[in-house]
Amino acid sequence: MEDEEMEKKVQQYLQRKGFRLTELALQEERNRLSTSAISDVTLARSDNDPGRYHDGYGRLRTWAYSSLDQYKHELLRVLYPVFIHCFMDLVAGGHMQEARSFFHTFREDHEVMHSRDLKKLEGVLSPSHLEEMELARSLLQNKFKIKLCEYSYELLLQYLQKTQALVVLGVINEHITFEVSPGQPSLISDDADVVALIGTSKDLAKQINQKEVHWGLLEDAVEERMEKALAESDKIEAENKDASAEENKKRSAEGGKQGASLNKKSKKDKLVGATGKNVKTETSMVSVAPRVKPELTLPTTPVEVEQSILEDLRNRAQLNSLALPSVSFYTFLNTHNGLNCSSISHDGSLVVGGFSDSSVKVWDMSKIGQPAKPSSSQGENGSSQGERMSTLDEGKKPYTLFQGHSGPVYSAAFSPFGDFLLSSSSDSTIRLWSTKLNANLVCYKGHNYPVWDVQFSPVGHYFASASHDRTARIWSMDKIQPLRIMAGHLSDVDCVQWHVNCNYIATGSSDKTVRLWDVQSGECIRMFIGHRSMVLSLAMSPDGRYMASGDEDGTIMLWDLSTGRCVSPLLGHSSCVWTLAFSCEGALLASGSADCTVKLWDVASSTKALKTEETKGSTASRLRLLKALPTKSTPVYSLRFSRRNLLFASGALSLSSL
């Protein structure tokens, strides 16, 4: 009697909470337990039969693919989590032969969307491998979020009740959470984020994205001061030209043709002056961005550096959809697949490569192809490199070799002014090098696993790192321990990028999410969900409002930091997007990929159209592809816009692509 009352209470609880699948499973189990003892023995025997996983998934797959087209794409979303957990259940039960057969029979269904996960799971050969694998632990600890319309959900319930598929029902109850929406099924084009393993409830993600983000620029930033000074000098210069032109006009009023020519000249000067002012106004879209106070103590900028920035701003090219940038491409030859990463200094004068043999090599572009100078001579960056930097004709190496790491080097980055270089390695360390002294200054130890990425802050001194240990860390050059540790990703943190105001960093991960962190508190304040594969590259717009992220599948997403929503997905690359860069005024976005192309996207006009469409309540259009720049056979490793808006790119010639 007590058992019956308990069952009624459990059933009432399940009905009240809306756990319809669990209630259904309970009813099915009760019906089976009410059968004869012979049936119980048969059932027990079938529970130990590994073939029931193959049959259960096979029937579900056949049913989903034969559903009405209107609902098919929603019902097919259930297949991947059921496939994954059926395979892992077989492995955990020790049925390795059946598990391999099941895996190879049905893997083609998921090859396009989940190839990376399948490659990892393909290496599982025993239950111990499953326990050690990070991906498997993540899949077991977290549920898949799947969106279904109400009718699709009812169809699934009816199928499970009719077929009494206990194996599939158990997997769905334990590992899938459904988000049921009223009305018609979602569009197939909106399918980009329907199956996202986020490791937390959607309510929590929404709660995180409601936190305040101050996305503007720093108060009294160096470039802002320089632009004001430049605008004032241009104004004075234009006034002087106008005054001298007026005097010449009066003096030559009686000079006939001479006066006419001078008049034309004065008009031309006025036109140039007006055009120059207009260019500065358009270029400085950062002027409309709000100003925020720095949360970190920022270093002072040397006077000579400010003068260099002023000169660059004075000669900056105005880019837009009609005026595309000039591109300078640095190609590494004969690397024999040993080059893992490359980076370019802000002025393009230095190029660094990180190699699998644990070496870091720096090329000075001004010295390539020139005769070697005596050792006392100073390089472009003030470094005495005469003995070590020479031409190939003399049998000497055309680069400076930095040695210190004990494992492959996965990332390298120059400081904003090119005087320092950071490198990270599989040996779990980060090293700081001086390009002036050609020496290793510090070895930073804090991560416990390989460090995939390291990036200097926009003002130097501080830097951020991303690691296989699922954390990102904030460091300062003068301390050997990290200042902050950002923990929360479910898998490797593959890339990191600073916000332009230095108050935030963004991280991209193999868990297919991008997160924004507050540098001062170490708290996650934004979670961006939508990528279908690991996130490999990040870039921040110059005004600090937008962020671009690129993934392993070749998809680029543009995010609005203030709302946490995707502005526009960019589809054009056919392989991994390894690098992204915004132009200095934010009008263009450049992307570099393993498909051996650089693509230029129109950001300015698209974001303006977006704001108009947002006010009207319509959906945003995708960014326009302006141009695709193919290389002969060189995957693009890194991109950088100089302060003058010249686009630098680098990559290693790949003979396998020829």
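So, to start: how many of the 658 residues of the chain count as buried? The answer is 50%, where buried means under 20% relative accessible area, exposed means over 50%, and partly exposed is in between, with a 1.4 Å probe and protein chains only.

A quick word on the ground rules. This is a predicted model, so to speak, with local features needing pLDDT of at least 70 and side-chain atom pairs counting only at pLDDT 80 or more, while totals for chains, interfaces and linings use all residues. Residues are numbered from 1 along each chain as its sequence is written, and side-chain values use heavy atoms, with hydrogens and water left out.

Okay, the overall picture. The chain has 17 helices and 31 strands; those are DSSP runs numbered from the N terminus, H or I of at least four residues for helices and E of at least two for strands. Take contacts between residues at least 6 apart in sequence: 57% of them join residues at least 24 apart, a contact being heavy atoms within 4.5 Å.

Now the aromatics. A search of the whole structure turns up 22 aromatic pairs. The rings are those of Phe, Tyr and Trp (its six-membered ring), and they pair if their centres lie within 6.5 Å; planes under 30 degrees apart are stacked, over 60 edge-to-face, and the rest tilted. One of these pairs is phenylalanine 83 with phenylalanine 102, stacked, at 5.5 Å centre to centre and 20 degrees between the planes. Phenylalanine 83 is in helix α6 (residues 79–92) and phenylalanine 102 in helix α7 (residues 96–106), so the pair ties together parts 19 residues apart in sequence. Phenylalanine 83 is buried at 0% relative accessibility, and phenylalanine 102 is buried too, at 1%.

Next, which pair is edge-to-face? That's tyrosine 444 and phenylalanine 463, with ring centres 5.0 Å apart and planes at 65 degrees. Tyrosine 444 sits in strand β13 (residues 439–445) and phenylalanine 463 in strand β15 (residues 462–467), so here the pair ties together parts that are 19 residues apart in sequence. Both residues are buried.

Back to the first pair: Phe83 and Phe102 belong to one aromatic cluster with Tyr57, Phe87, Phe103 and Phe106. Phe103 also has a charge over it, since the charged end of arginine 100 sits 5.2 Å from its ring centre. The cut-offs there are NZ of Lys or CZ of Arg within 6 Å of the ring centre and within 35 degrees of the ring normal. Lysine 361 does likewise over the face of phenylalanine 355, at 4.6 Å.

Staying with α6, how does it pack on helix α12 (residues 166–175)? At about 105 degrees, with the axes 10 Å apart. Axes are lines fitted to C-alpha atoms, for helices over the stretch in contact, and angles run from 0 to 180 degrees between N-to-C directions. That makes the two roughly perpendicular: the bins are under 35 degrees for roughly parallel, over 145 for roughly antiparallel, 65 to 115 for roughly perpendicular, and oblique for the rest. The contact includes Val82 and His85 of α6 and Val168 and Ile172 of α12.

Last, a serine. Serine 434 is in strand β12 (residues 429–434) and is buried at 4% relative accessibility. Its side chain reaches the backbone nitrogen of lysine 436 at 3.3 Å, and a polar atom of that side chain lies 3.0 Å from the backbone nitrogen of leucine 437.

Definitions and conventions. A polar contact is a pair of N or O atoms within 3.5 Å; within protein, one must be able to donate a hydrogen and the other to accept it, and residues adjacent in sequence count only if both atoms are side-chain atoms.
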